[in-house]
Structures are given as structure tokens and as C-alpha cells.
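This briefing covers nonpolar cores and one helix. The sequence and structure come first.

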Amino acid sequence: MPAHLRSLVEKFRSRSAKVGVLGLGYVGLPLALRFAEAGLPTLGFDIDPEKVLTLQRGETYIKTIAPERIAAARGKGMDATTDTARAAEMDALVICVPTPLTEARAPDLSFVIATIEALLPQLHAGQLVSLESTTYPGTTAEELAPRIAARGLTLGEDLFLVYSPEREDPGNTRFDTRTIPKLVSGTTPACLEAGVALYEQAVDRVVPVSSTRAAEMAKLLENIHRAVNIGLVNEMKIVADRMGIDIHEVVRAAATKPFGFTPYYPGPGLGGHCIPIDPFYLAWKARKYGVEARFVELAGEVNRAMPEWVVGKIEHALAERDTEIKGSRILVLGLAYKKNVDDVRETPAAEILELLQSRGAKVDYSDPHVPRFPRMRAHHFELESVPLDAKTLGRYDCVVLVTDHDAFDYALISNHAQILVDTRGRYDDPAPNIVRA
Ligand SMILES: NC(=O)c1ccc[n+]([C@@H]2O[C@H](COP(=O)([O-])OP(=O)(O)OC[C@H]3O[C@@H](n4cnc5c(N)ncnc54)[C@H](O)[C@@H]3O)[C@@H](O)[C@H]2O)c1
């Protein structure tokens, strides 16, 4: 066993290795907390000084992570910094930075590249670097490995390069960072061995994968699987709607089959940092190999059309009551992209609000988790969450349920909304004011 590998594995197993987590967002923060809770000295790095200061005060900026957890991790020695130079002190460096799309739906690796470029001067023999960001097959081998090798460090001997995709699901109460099995792959067999030794300290089950490309693609397959099945059920929703059938009843009925069927639920469109974005990382790379990822493109097309379809249903429901969308007052319930979280990235609610406004509607929203419409790249509204009560609900020509947070009072909503457009199948029983969309 190479000397550097032996000493690194020993440090991981004795939990004395210093772990640096770069990018303290929805993925990096829970991961850093997990390493700290497992007893490894952990330092979080972020370019956002606000996040670093918040953590240093023992406070939180992610609703699903309690401040007590941060304070407890700080008690175990976890700290945060904006100073990349401190990467030199670390034994393991784990990269959890964003991987968005460009306007043309091509991969935007600028955060990953900026991070590795910032790390390069700090790298030295005896360290492990792990990329966790979701990305196309080949990123670790084509973008990270050559840059590290050009620093004169031999991968698998001096420095150990790993790809281990994150599977964080914020708000999930059944699984957490420790109990979600973790795929780990390495640039060489020694890199894999080092990676497994690191992650075994923090997660219950580590699953080795033979190459970084396979692990990168496995993560994309997981998300494409969701995107395609959601696209399928959204298409089925449109067909069922034309036929006067309730798609939610159909899915519930089909889901009683104990094998060979997994239920996916239709909705107002995709949201979050993963499902609307990641599939296009594969489609883009596949094109470089002369292959069209047709399911990916088709699912994207169907899912992207959902906000427009929902707005069409709103327009139709208003017209049935001799009301035009122009000048009508419409309240959108739920701004976050999924229930019980405060994350609004890529949320279809913003697009629905925009489509409604562009047709002349006066829009508002209500979301107990998002008190004020946040700054977003593609959308801008000067709005604050409207508190829900009977009088307020009754003032709107139409109320649209976009995100079915548990905190909403569903009886209050259906009792007082003039028209209630339900995009989540929350209301099973037909009522004259309820429209499924
Ligand atoms: N959010 C999820 O549920 C989820 C789940 C699985 C995988 N992922 C993947 O994980 C990656 C990170 O996603 P996220 O949701 O945590 O993003 P995020 O935007 O919540 O957090 C990223 C953090 O990285 C920081 N950052 C950017 N550049 C940096 C740099 N050079 N050095 C240090 N910090 C830097 C940002 O300030 C931010 O705090 C993405 O590739 C994403 O696709 C996300």
C-alpha cells in the first residue's frame, strides 16, 4: 500500500483526519455536520461570508436544519471559513458547489472549476479530493484529474481523487445523510480505497463503484428516472383530464399492484436544483458522443409545459364564471418547489405567477415557509406572503394550490375559495368550486 494511502486511511479510521467541505448549501452543510457528528474535525468553506458568519454564531440558514444541530457540531469543533488557503490544513476536501445550466441548457461547471482552481495552490501529497456535485460522466476524469496532475501530484499515489454523488433530500424525515447509502468511486483503485475509508466514517453504507464515470452517470440515472416518470404521469394527467378521469385516483389504484409499478404523481411542473437540471447534463454529454437522449428531452418538454397547462385550466375555470383572467385576482398557494421546505429554486410557482401576471391578472402568493418573494435569477416580484383567513381567501377570484405544505388549513381553503385550482390532487372529493389541474 502506498505510504500516503496508508497514513490517510489510518487518519480516517481513527477519525483524526481534518475534513474540509467546500460549498455549505443544501448538500454541503448537512454533510459537514455529519462529518463533525461522526467525530472528524470539520471545517466548512464558502464564498458567501453571510453563511460563514451565521454558522459561526451557531445559527442556521436552512429551515430543515435546526440551529441546535449547528451549535452541537460547533461544540464538537466544527468551524466555517471563507479562506481557501486553509484547504492546505485539510486531509480531505469535499466539493459540494452548484452545477446549474446555462441559458442554452448546457452544463455550467464554472463553480466546480473555480473551486478546483482555488484549491490547486493548497493541494499537497497525502490529501483526498472528492467531488460531490451532480455532473455529466467524465467531469472528474476530464476536468479535475488533469488539473491536479498538472500540479505535479500523481493520482492514486500522492493525491486521491474521488467522485461521490450527493443524494441529499432536504425535508425527508425517513432518511438522512447517515442512512442514505453513498456511492463512492475513485480515479484509481487506491483513490477508491481512500474514498471508501473516508465515507465509511460518516455514513452507514458505502457502495463502491468501479469508475468515476459510472458513479457520475448513476447519479444522473437516479434523477432522470424521476424526471421521465414525472413527465409520463404529467402526460397521463392531460389525457385523463380530457377523458374526465381523475389522474390521482388512477395512480392510487395502479399503486395497489404490489410489484412492477412505482407511483409518481403529476404536478404543476418540476422544481428544485436537481430534477429540472441534471437530466440535461447527460443529454449534453450524450450529444458529444452522437447520441440523442430522447426520453430526457421529451420529459423536459412535457414537464416544462405544465405551468402553461395549469394557467390554461385557471383561465377556463374563470371563463366558466364569466370572469376574464385580465383584471382578476389570483392567489397562488405555495411558493417553495416542494412541500414543507423553503427552497424556491426553479419553482414552477414563480412561472405560474409570471404567466398569470402577463395575462393581466393581479397576483399574490401565500407560503408559510417563504415570507417574502426572494431574489431569483429569472423572476422578480415585490410580494410578501399573504396570511390566510376566510375573508382573505374569499377576496380572490381564484386560488391555486401549487405546493401542498402540511401547514395549510385545507378545509379553510376549500370552504372559502371561490374557485380552487388543485394541482396536487389534495382534494379527493369533487366540489363545485374545485378544479383539478
Ligand atoms: N439540493 C439538493 O437537494 C441536492 C441533492 C443532491 C445533489 N445536489 C447537487 O449538489 C450540488 C450542490 O447543490 P446545493 O443544493 O447544495 O447548492 P447550494 O446553492 O445550496 O449551495 C452551494 C454553496 O456553494 C457555495 N460556493 C459556490 N462557489 C464556491 C466556491 N468556489 N468555494 C466555496 N463555496 C462555494 C455557495 O455560496 C453555496 O453556499 C449541486 O451539484 C447539486 O446538483 C443537490
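Which residues in α3 are buried? In α3, the buried residues are Val 52, Thr 54 and Leu 55, where buried means under 20% relative accessible area (1.4 Å probe, protein chains only). The model is predicted: local features need pLDDT of at least 70, side-chain atom pairs count only at pLDDT 80 or more, and totals for chains, interfaces and linings use all residues. Residues are numbered from 1 along each chain as its sequence is written, and side-chain values use heavy atoms, with hydrogens and water left out.

**Helix α3**
- Seen down the axis of α3, its buried residues fall within an arc of 160° (taken from the directions from the helix axis to the C-beta atoms), so they line one face of the helix.
- These buried residues pack against α2, α4 and β3 (79-81); contact means heavy atoms within 4.5 Å.
- Helices (H or I, at least four residues) and strands (E, at least two) are DSSP runs, numbered from the N terminus.
- At the start of α3, a side-chain oxygen of Asp 48 lies within 2.9 Å of the backbone nitrogen of Glu 50.
- Gly 58, with a positive phi near 75°, follows α3.

**Nonpolar cores**
- The largest nonpolar core (buried Ala, Val, Leu, Ile, Met, Phe, Trp, Tyr and Cys residues joined through side-chain atoms within 4.5 Å) has 42 residues, of which Phe 35, Val 94, Leu 128, Leu 198 and Tyr 199 touch the most other members.
- α7 gives the most to this core, with eight residues.
- Apart from it lies another core, of 41 residues, including Ile 95, Leu 159, Val 209 and Leu 220.

Key. Buried means under 20% relative accessible area, exposed over 50%, partly exposed in between (1.4 Å probe, protein chains only). A polar contact is a pair of N or O atoms within 3.5 Å; within protein, one must be able to donate a hydrogen and the other to accept it, and residues adjacent in sequence count only if both atoms are side-chain atoms.
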